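Trainee: Could you walk me through a part of this structure? I am new to it.

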Amino acid sequence: MRQVLLLAWRHLAARSRQSWLAVAGVALGVAVFVFTVSMMDGLKVFFTQRLIRVSPLLTVLPERIDVDRAREALRRVPGDAVLALSRPPVPDDRPTVRGATAQLARLRGVPGVDGASVAADVPAVLSFGTIAEPVTLVGVDPRAEAGVTELPAAVVRGRWDALEARREGAVVGVQLAGRLGVEVGDRVVAVGEGGLARELEVVGIIGTGLGATDETAAFVNLAVAQGLAGWGPDEGSEIRLRASRVDRLDGLRRRVEAVTGHRVETWQETSRASLKLFRMIGVTTYLLTGFVLVVAGLGIANKLTTIILDKERDIAILRSLGFSRAALRGVFIVQGVALGAAGALLGCAAAAGVIAYFTAFPIRFAPREGAVLAYTELYLAKDPRYYLVIGAAALAISALAALLAVRRAVRVVPVEVLRGAA
């Protein structure tokens, strides 16, 4: 074993410039890969943190579970069967949660529920002077909503609690306020789908970092939204819940569904499209970045192939002196793994340094108009597994490259090489 290591070291030292170039290629691939994974995971963490700050973790929807069960039962009925269906009379088919106040009282007693509030999302048109914009009026109880989301902390101008003091108050999304040209203290007119109009005073401007809220939402008192929609005082479009934990919400969802009889969505289900998009972007980025490591592996294979071609006569002499094929194979595999290990260590160190630098001195961006997510700061995730997994991948690729190159060395026939050299 000592002879194998010594011979491998002499081969690498004999062409030190090529060795360092191979190490630099692996180091660059590892550093780029680690930084890219950190950046993509950081973007996902940044989005998730923004989302759960201003959104409920569980949402009770107007859709009743018994309707879903009836539909499922109908699918199992034979096609030639005759059914008699009855339906209790209802005043209308408005998509609302009825008896929301009574539901709130029951939900607050469910273990795991830390807060609950009723919301009424109502389409409307908000006007200021000659400017009119389509908006979603989100009617809430300001005090109850503060126990469910962190919307009060997202108010950039004015105050959230001014909604309690001003029944006709409104907290407007920051980009919507910019398009309307309104500031705190201005008065706007909201017109609902039925033509009802309400004059509102802007008491705050909110910036959540989420385009759907900042561009099109205006938060008002629950009674105002209910009045513009023509709903009763005990109706809402949803009940918003805060849970004790962010993950593993399936058990709590089932308990809430059993209490309310309504379908309940978790925040992951509500944002499934955005989370799926992040996953797709991440996978694509990882695949493209991974090719850098493959190219670095080809560099190692090229380096070892060059050594084998240059040392073919020496290999033949070693074979004729009794150097086994296994030992010869070990020499070149050691060289490949050594180059890969050196590159992986340097690459991980470089990536850690860059991540530490950008964490201490973050890059900040101006929010882009129309963006779904206001990514205002380069947020980098930190996880030791990045270095372990990517470093191991670099070693595996280096070992594979060495195995591909060493096939030529073990096929050397000493007699033919030495006869040709003579």
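Trainee: Leaving aside neighbours within four places in sequence, which residues is Thr-266 in contact with?

Mentor: Happy to help! This is a predicted model, where local features need pLDDT of at least 70, side-chain atom pairs count only at pLDDT 80 or more, and totals for chains, interfaces and linings use all residues. Residues are numbered from 1 along each chain as its sequence is written, and side-chain values use heavy atoms, with hydrogens and water left out. Taking contact as heavy atoms within 4.5 Å, and leaving aside neighbours within four places in sequence, the partners of Thr-266 are Leu-57, Leu-58, Leu-249 and Arg-253.

Trainee: Is Thr-266 buried or exposed?

Mentor: Thr-266 sits in strand β10, residues 262-266 (strands are DSSP runs of E, at least two residues, and helices of H or I, at least four, numbered from the N terminus). Buried means under 20% relative accessible area, exposed over 50% and partly exposed in between, with a 1.4 Å probe and protein chains only. At a relative accessible area of 6%, Thr-266 is buried.

Trainee: Why do the buried residues of α10 line one face of the helix?

Mentor: The buried residues of α10 are Leu-252, Arg-253, Val-256, Glu-257 and Thr-260. Directions are taken from the helix axis to the C-beta atoms. Seen down the axis of α10, those residues line one face because they fall within an arc of 140°.

Trainee: Which residues are exposed on the other side of α10?

Mentor: Helix α10 covers residues 250-260. Opposite its buried residues, the exposed ones are Arg-254 and Ala-258.

Definitions and conventions
Axes fitted to C-alpha atoms, helices over the stretch in contact; angles between N-to-C directions.
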